[in-house]
Amino acid sequence: MSHLESITSPRDLRDLGDADLDALATEIRDFLVLTCSRTGGHLGPNLGVVELTMAIHRVFDSPTDRVVFDTGHQSYVHKLLTGRYEGFARLRQEGGLSGYPSQAESEHDIVENSHASTALSYADGLAKAYAIRGEARHVVAVIGDGALTGGMAWEALNNIAIARDSRLVIVVNDNERSYTPTIGGLATALTSLRTNPRYEQVLDLVKRHLNAVRGVGPAAYDVLHAMKKGMKDALAPQGLFEDLGLKYVGPVDGHDRAAMEQVLARAKRFNGPVIVHAITRKGFGYDAAERHVADLFHSPQPFDIDTGEEVPRGRIWTDVFADEIVRVGERRPDVVAITAAMMHVVGLNEFERRFPERTFDVGIAEQHAATSAAGLEMGGLHPVVAVYATFLNRAFDQVLMDVALHRCGVTFVLDRAGVTGDDGPSHNGMWDLSVLQVVPGLRIAAPRDATRLRELLNEAVEVDDAPTVLRFPKGPPPEDIATVGREGGCDVLLRSGLHDVLIVGIGAMAGTATEVGTRLVDQGIGVTVVDPRWVKPVDPALVALARAHKLVVSIEDNGIVGGCGAVLLQTLNSAGVTTPVRLHGIPQEFLDHAKRAAILERIGLTPQTLARGIVEDVAALADVGEPVTRLL
Ligand SMILES: Cc1ncc(C[n+]2csc(CCOP(=O)(O)OP(=O)(O)O)c2C)c(N)n1
């Protein structure tokens, strides 16, 4: 049995000697590479925290002591050390291990939200709770330099600095990267901490030398120690953490397990908040990851272990946006682009290459992205803020008050909208069409295919008196879906027979809507299928169409509560249109990870299930006698 297979709990680590621990670290790396080569996953970040995680679990006693991982994408090693080796065969697959910590999986997991920059706030609360309850438990928060660029992390530090009773150890996992190199003043400050000789190290050095001189050493050392603060400023002028009032230890080589254990043990003894600054390398120990220029294998697709070559993913929606935004940029010198630490994954890398002075990576700072976009707009530019749909939630108030209230022409591009699947509940982009409905003046476009994405992006950047949103899903776009007519601003995709059922297909669900329509036509039901293109505000043409039909059906890959269907229903109600409306969307719940297709199947958002339901609805309406008796 390998070392790795024999680990069922962190306690098993305590009995191992240095050689066995080194062997275990190697086994973990090999295993991570093998697993991710088959399933894909956050390989680079996890290769970087092997020793660091082992050290934490040797020094602290989880789950009595709590370990909180910021974002949680780097928790694979923690999972391996907490008895989940077997589960890795089905990593990120339906019914298998989650790609993030999961309370359902283990008592060692506590925070599973996977939106960045929250760990310190959770840890602050946990540590305060244990202090108040008189429980002698430590809390360890592991946070990357990327996640430290998020404002919430600094709000937490501000509070932690005065929480003297908190037994809280913050491990800053500094690998100088988010996906790409971490940006900003923080990154510069960390570099200065990283590269300046620490006063502790210098003191140690002085101590060793002075102690060697008989009769002089200890006394001289004491004097020196008294001058410590002054020395610190002279040797390592920096104020990042200590000027906040936080005890700082480091920097320490995060790949030197023994050194990590030493500083963690010291931090633990301090019994107050301490920052441990660990220097690590993303992708450490796997050549293909270390050489991967784009993102050091932050989150590769399945790949060939020998070459590191990923299974080609084909052309995805992001690529269509990436090409078009460059064209927009060529035509419109006032268009600037903003990413929140995800330059290439949201398709801005080519724009950045072409227009570096017009591209801003703000760090994992969606709130700042939105409000600084408002400022850019007020200054005469048209910003395009590209983020994953789920992460825009972070900036809701900024969109509402800072952008919309000021009628700023800012375009938000929401990639990975709808069901994303593999990354679980926190990554499904199923909230935007609901939360953004409440924003006055804001307009939302949902393209059904690549052509519409290009069209709608161009229309969106023309709007200069209100925020616009363009949302599209993960994965490849479908073949273009032809238009057979136009009603107001809506594309008609299918028109057949009488005005029985009006199907409104929102964005990526327009293809599904068309398939559903075809099935209904086969059943002899008259159908009109439309794609509104702009889904907010509701197109008056939709109201007229709804009035003319016997049943309205909306289909969207967004939460059913407050989404496009719900707002359409409300609009029809206000307009006095009494046509029955059936809403189809994602049930308002947190969806476990699985493939997108499997989830859509499970929640009934497939043409077959939808068509069956609609036929039943039509039959039920017919049963009541009015007004659709002629339908069947
Ligand atoms: C609010 C939010 N925005 C964006 C992301 C996407 N994201 C996941 S990991 C990551 C980079 C994290 O960098 P860091 O914290 O330094 O960890 P590392 O991967 O370098 O270990 C980003 C931007 C996220 N999870 N949450």
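Mentor: Helices (runs of H or I, at least four residues) and strands (runs of E, at least two) come from DSSP and are numbered from the N terminus. This is a predicted model, in which local features need pLDDT of at least 70, side-chain atom pairs count only at pLDDT 80 or more, and totals for chains, interfaces and linings use all residues. Residues are numbered from 1 along each chain as its sequence is written, and side-chain values use heavy atoms, with hydrogens and water left out.

Trainee: Okay, let's try a loop. Is Glu176 buried, partly exposed or exposed?

Mentor: Glu176 sits in the loop that runs between strand S3 (168-174) and helix H9 (185-195). Its phi is near 65°, a positive value in a residue other than glycine. Buried means under 20% relative accessible area and exposed over 50%, with partly exposed in between (1.4 Å probe, protein chains only). Glu176 has a relative accessible area of 43%, so the word for it is partly exposed.

Trainee: And Thr71, what is its relative accessibility?

Mentor: Thr71 belongs to the loop between S1 and helix H6 (76-81). It isn't a glycine, yet its phi is positive, about 70°. That stands out because most residues other than glycine have a negative phi. Thr71 counts as buried, since its relative accessibility is 15%.

Trainee: You mentioned S1. Which residue of S2 stands opposite Arg66?

Mentor: Strand S1 covers residues 66-69, and both of its faces are covered: Arg66 and Val68 on one side, Val67 and Phe69 on the other, all buried. Two strands pair if DSSP finds at least two bridges between them. S1 pairs with strand S2 (residues 139-144) in the parallel sense, over four bridges. Across from Arg66 in S2 you'll find Val139.

Trainee: Which residue in S11 is the bridge partner of Thr411?

Mentor: Thr411 is in strand S9, where it stands opposite Val384. S9 (residues 411-417) has seven of its seven residues buried, so it's largely enclosed by the rest of the structure. Five bridges join it to strand S8 (residues 382-388), running parallel, and five bridges also join S9 to strand S11 (residues 468-473), again parallel. In S11, the partner of Thr411 is Thr468.

Trainee: Let's hit the ligand. What share of its area does the protein bury?

Mentor: A residue is near the ligand if one of its heavy atoms lies within 4 Å, and 23 residues surround it, the closest being His73, Gly146, Asn175, Arg177 and Glu366. For polar contacts (N or O pairs within 3.5 Å; within protein, one must be able to donate a hydrogen and the other to accept it, and sequence neighbours count only if both atoms are side-chain atoms), a backbone N or O atom of Ala116 lies 2.9 Å from a ligand nitrogen. A polar side-chain atom of Lys282 lies 2.9 Å from a ligand oxygen. By the Shrake-Rupley method (1.4 Å probe; for residues, only the protein chains shown count as cover), the ligand taken alone exposes 580 Å², and the share buried by the protein is 99%.

Trainee: Now rings. How is the pair of Phe297 and Phe303 classed?

Mentor: Rings of Phe, Tyr and Trp (its six-membered ring) pair if their centres lie within 6.5 Å; planes under 30 degrees apart are stacked, over 60 edge-to-face, and the rest tilted. The structure holds 13 aromatic pairs; one of them, Phe241 with Tyr248, is stacked at 5.9 Å centre to centre and 15° between the planes. Phe297 and Phe303 have ring centres 5.0 Å apart and planes at 50°, so the pair is tilted.

Trainee: Which residue lies over the face of Phe355?

Mentor: A charge sits over a ring if NZ of Lys or CZ of Arg is within 6 Å of the ring centre and within 35 degrees of the ring normal. Over the face of Phe355, at 4.3 Å from the ring centre, lies Arg358.

Trainee: Last one: what is omega for the cis bond between Gly250 and Pro251?

Mentor: Most peptide bonds are trans. A cis bond joins Ser62 and Pro63, with omega about 10°, and Pro63 is in the loop between helix H5 (50-59) and S1. Pro251 is in strand S4 (residues 247-253). For the cis bond joining Gly250 and Pro251, omega is about 0°.
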